[in-house]
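Work through the exercises below with the sequence and the model open. Each task is followed by a solution in steps.

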Amino acid sequence: MIPLARRMDGIIDAIDVEQTLDSGQVFLWYKRGRSYYLIYSENVIRIEPCHGQLVLVHESKPMYIDVERLFRLDDDIHAINHSIGHKDALIGEAVKRFKGLRLMRQDPFQCLISFICATNTSITRVRCMLEGICKRFGNKVEFDGLTFHTFPSPKALQDASINDLVWCGLGYRARFVKQAVYSYLDMDVESLLDGGYDEVRDILLGIEGVGNKVADCIMLFSLEKLESFPIDVWIWRVIARYYRDIVGMGVDERVRLSPNMYRRVSSTMRGYFGRYAGYAQQYLYCYARAYTFDNPSIYTINR
DNA sequence: GACCAGGAGTTGA
DNA sequence: TCAACTCATGGT
């Protein structure tokens, strides 16, 4: 049993595993009974929440994945929540309502492919696409009497034809994924982990199929850039309706974000929330999805 | 049948 | 620099 979010002072904080897995940052997970199974690269990981505080972790392969790293328990969530949660009433409320939410530290390759697939579609369909890729190019694994297919390595996916990927349900994204595999194989992942935000973003933007938003997601969820502030349709609505005066003119949720506008708005939000803006973004994303704007409660929070 | 979904590339002004 | 268009596709 591994304690989740054990602070330096020994206090253990609850993590809501389902809330975290279901927050749109990761797609290949399954709930079976009380257990959660996560496809992490070429591994299947079983996560068992226990009173919201402890998990049991088993893996299908000997390769050890540190659950404390996976759930970013090395982040001081109290300090983070304190630093972002007092910026305004909305983020304060979101932090309060999604107290068990955490960011995860994903495998960069799986994260890259996942968010290229996540353009202009729903989370449900992203899962279908990724499952198709796993079934076609990953390894079949029997684990706990259940059958899983792991995520293929870059080299395993290198041989995929565009037709193969289309068949997996990727549609027009197939050629982007195909190109991205080659790009990734040419990249030095360590330098992406160590590099600064601007530098790494520009490298990622060089991959076909990766724009501002996808680059931000990859950096936030797998490359240690916690200041990344991805803006999807939900976050854009939140900004347009709640942070309009912070971001400034020209903010209209009915208008699509141009790349330049995206950069300006995202940069402003990074400045506003600071080095943990990515956590703020994740809280706001969950809040916006859970309490849709049909629910007027979001309007009643005064800054 | 239109519209939406954790968007991005291309084109033309 | 930006709006308009296109790219697949399942769900509502």
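The exercises go from the whole chain to single residues, and the model they use is predicted.

**Exercise 1. The chain as a whole**

Task: State how many helices and strands chain A has, what share of its residues is buried, and where pLDDT stays under 50.

Solution.
- Step 1. Chain A contains 16 helices and 7 strands.
- Step 2. It has 303 residues, of which 53% count as buried.
- Step 3. Among contacts in chain A with a separation of 6 or more, 66% join residues 24 or more positions apart.
- Step 4. The mean pLDDT of chain A is 90, and 89% of the residues reach 70 or more.
- Step 5. Residues 1-12 are where pLDDT stays under 50. The model nevertheless has 34 contacts beyond four places in sequence for this segment.

**Exercise 2. Cysteines**

Task: Determine how many disulfides the structure has, and explain the result for Cys 134 and Cys 286.

Solution.
- Step 1. Searching the whole structure gives 0 disulfides.
- Step 2. The criterion is a pair of cysteine sulfur atoms within 2.5 Å.
- Step 3. For Cys 134, the closest cysteine sulfur belongs to Cys 168 and lies 9.2 Å away, which is too far for a bond.
- Step 4. For Cys 286, the closest cysteine sulfur is that of Cys 217, at 12 Å, again too far for a bond.
- Step 5. Cys 134 is buried at 2% relative accessibility, and Cys 286 is buried at 7%.

**Exercise 3. Cavities**

Task: Describe the lining of the largest cavity and of the second largest cavity by residue class.

Solution.
- Step 1. There are 3 cavities of 30 Å³ or more in the structure.
- Step 2. The largest cavity has a volume of about 60 Å³. Its lining is made of Val 26, Leu 38, Ile 39, Tyr 40, Leu 70, Met 104, Gln 106, Asp 107 and Gln 110.
- Step 3. Strand E3 (residues 35-40) gives the largest share of that lining, 3 residues.
- Step 4. Sorted by class, the lining of the largest cavity has 6 nonpolar, 2 polar and 1 charged residues.
- Step 5. The second largest cavity holds about 50 Å³ of space. Pro 108, Leu 112, Tyr 184, Met 187, Leu 192, Leu 204, Ile 207, Ile 218 and Leu 223 line the second largest cavity.
- Step 6. The lining of the second largest cavity has 9 nonpolar residues, with no polar and no charged ones.

**Exercise 4. Positive phi**

Task: For Ser 41 and Asp 144, give the phi angle and the location in the chain, and say whether each is buried or partly exposed.

Solution.
- Step 1. Ser 41 is not a glycine, yet has a positive phi of about 55°.
- Step 2. Ser 41 sits in the loop between E3 and strand E4 (43-50).
- Step 3. With a relative accessible area of 15%, Ser 41 falls under the 20% cut-off and is therefore buried.
- Step 4. Asp 144, also not a glycine, has a positive phi of about 60°.
- Step 5. The loop between strand E6 (140-143) and strand E7 (146-149) holds Asp 144.
- Step 6. Asp 144 has 39% relative accessibility, so this residue counts as partly exposed.

**Exercise 5. Two helix residues and their contacts**

Task: Locate Thr 20 and Arg 263, classify their accessibility and list what each touches beyond four places in sequence.

Solution.
- Step 1. Thr 20 belongs to helix H1 (residues 17-21) and is buried at 0% relative accessibility.
- Step 2. Thr 20 touches Ile 15, Gln 25, Phe 71, Gly 100, Leu 101, Arg 102 and Met 104.
- Step 3. Arg 263 belongs to helix H15 (residues 259-273) and is partly exposed at 34% relative accessibility.
- Step 4. Arg 263 touches Arg 201, Asp 202, Leu 205 and Asn 212.
- Step 5. Asn 212 and Arg 263 are 51 residues apart in sequence, and their C-alpha atoms are 7.6 Å apart.

**Exercise 6. Helix H13**

Task: Which residues of helix H13 (residues 233-242) are buried, and what covers them?

Solution.
- Step 1. The buried residues of H13 are Ile 235, Trp 236, Val 238, Ile 239, Ala 240 and Tyr 242.
- Step 2. Their cover includes helix H4 (89-97), helix H14 (244-247), H15 and helix H16 (277-290).

Terms used:
Residues are numbered from 1 along each chain as its sequence is written. Chains are lettered from A and ligands numbered from 1 in the order in which they are written. This is a predicted model: local features need pLDDT of at least 70, side-chain atom pairs count only at pLDDT 80 or more; totals for chains, interfaces and linings use all residues. Side-chain values use heavy atoms; hydrogens and water are left out. Buried means under 20% relative accessible area, exposed over 50%, partly exposed in between (1.4 Å probe, protein chains only). Helices (H or I, at least four residues) and strands (E, at least two) are DSSP runs, numbered from the N terminus. Contact means heavy atoms within 4.5 Å. pLDDT is the predictor's confidence in each residue, from 0 to 100. On a 1 Å grid over the protein atoms alone, a cavity is a set of points where a 1.4 Å probe fits but cannot get out, and a pocket is an open set with protein on both sides within 12 Å along at least five of seven lines; lining residues have an atom within 4 Å of a point. Grid points are joined across faces, edges and corners, and a volume is the space filled by probe spheres set on the points. Ala, Val, Leu, Ile, Met, Phe, Trp, Tyr, Cys and Pro count as nonpolar, Asp, Glu, Lys and Arg as charged, and the others, Gly among them, as polar.
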